[in-house]
Amino acid sequence: MPAKSAAQQKAAGAALSAKRGDTPRSKLKGASRSMVESMTEKQLEDFAHTKRKGKPEHVDQK
């Protein structure tokens, strides 16, 4: 499942970095903090590797 916004893609990249141990979890903020605990590494990779071209910065929540 690809990311729907650039912000979601960036948060997934930060969470993926923490999950792999490259970044301390204490440095995470907002959505990336919950993503690292609730998503698998494969799911985070799918979100993080989404192309940003044409994506809005943020998407309204429903």
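Select S32 first and show what surrounds it: leaving aside neighbours within four places in sequence, S32 is in contact with A11, A14 and A15, where contact means heavy atoms within 4.5 Å. S32 is found in helix α2; helices are DSSP runs of H or I with at least four residues, strands are runs of E with at least two, and both are numbered from the N terminus. S32 counts as buried because its relative accessibility is 6%. Buried means under 20% relative accessible area, exposed means over 50%, and partly exposed lies in between, with a 1.4 Å probe and protein chains only.

The model is a predicted one, in which local features need pLDDT of at least 70 and side-chain atom pairs count only at pLDDT 80 or more, while totals for chains, interfaces and linings use all residues. Residues are numbered from 1 along each chain as its sequence is written, and side-chain values use heavy atoms, with hydrogens and water left out.

Now select the whole of α2, residues 30-38. Its buried residues are S32, M35 and V36. Seen down the axis of α2, these buried residues fall within an arc of 100°, so they line one face of the helix; the arc is that of the directions from the helix axis to the C-beta atoms. An α-helix has 3.6 residues a turn, so residues three or four places apart point the same way. The buried residues of α2 pack against α1 and α3. Rotate to the face turned away from the buried side to find the exposed residues G30, E37 and S38.

Stay on α2 and pick A31. A31 counts as partly exposed because its relative accessibility is 46%. For a distance check, add D60: A31 and D60 are 29 residues apart in sequence and 15 Å apart in space, C-alpha to C-alpha.

Next, select α3, residues 41-48. Its buried residues are L44, F47 and A48. They cover an arc of only 95° around the axis, which puts them on the same side of α3. These buried residues of α3 pack against α1 and α2.

Add α1, residues 6-19, and look at how α1 and α3 pack: the angle is about 140° and the axes are 8 Å apart. Axes are lines fitted to C-alpha atoms, for helices over the stretch in contact, and angles run from 0 to 180 degrees between N-to-C directions. The crossing of α1 and α3 is left-handed, a term that applies if the near helix is turned anticlockwise from the far one by less than a right angle.

To see the contact itself, select Q8, Q9, A12, G13, A15, L16 and K19 in α1, which meet E41, L44, E45, F47 and A48 in α3. The residues of this contact divide into six nonpolar, three polar and three charged.

G13 is in helix α1 and counts as partly exposed because its relative accessibility is 30%. G13 and T23 are ten residues apart in sequence and 11 Å apart in space, C-alpha to C-alpha.

Finish at the largest nonpolar core. Of its 13 residues, A12, A15, M35, V36, M39, L44 and F47 touch the most other members. α1, α2 and α3 are the elements that give two or more residues to this core, and the largest share, five residues, comes from α1. A nonpolar core is a set of buried Ala, Val, Leu, Ile, Met, Phe, Trp, Tyr and Cys residues joined through side-chain atoms within 4.5 Å. Select M39 last: leaving aside neighbours within four places in sequence, M39 is in contact with K19, L44 and F47.

Technical notes
Ala, Val, Leu, Ile, Met, Phe, Trp, Tyr, Cys and Pro count as nonpolar, Asp, Glu, Lys and Arg as charged, and the others, Gly among them, as polar.
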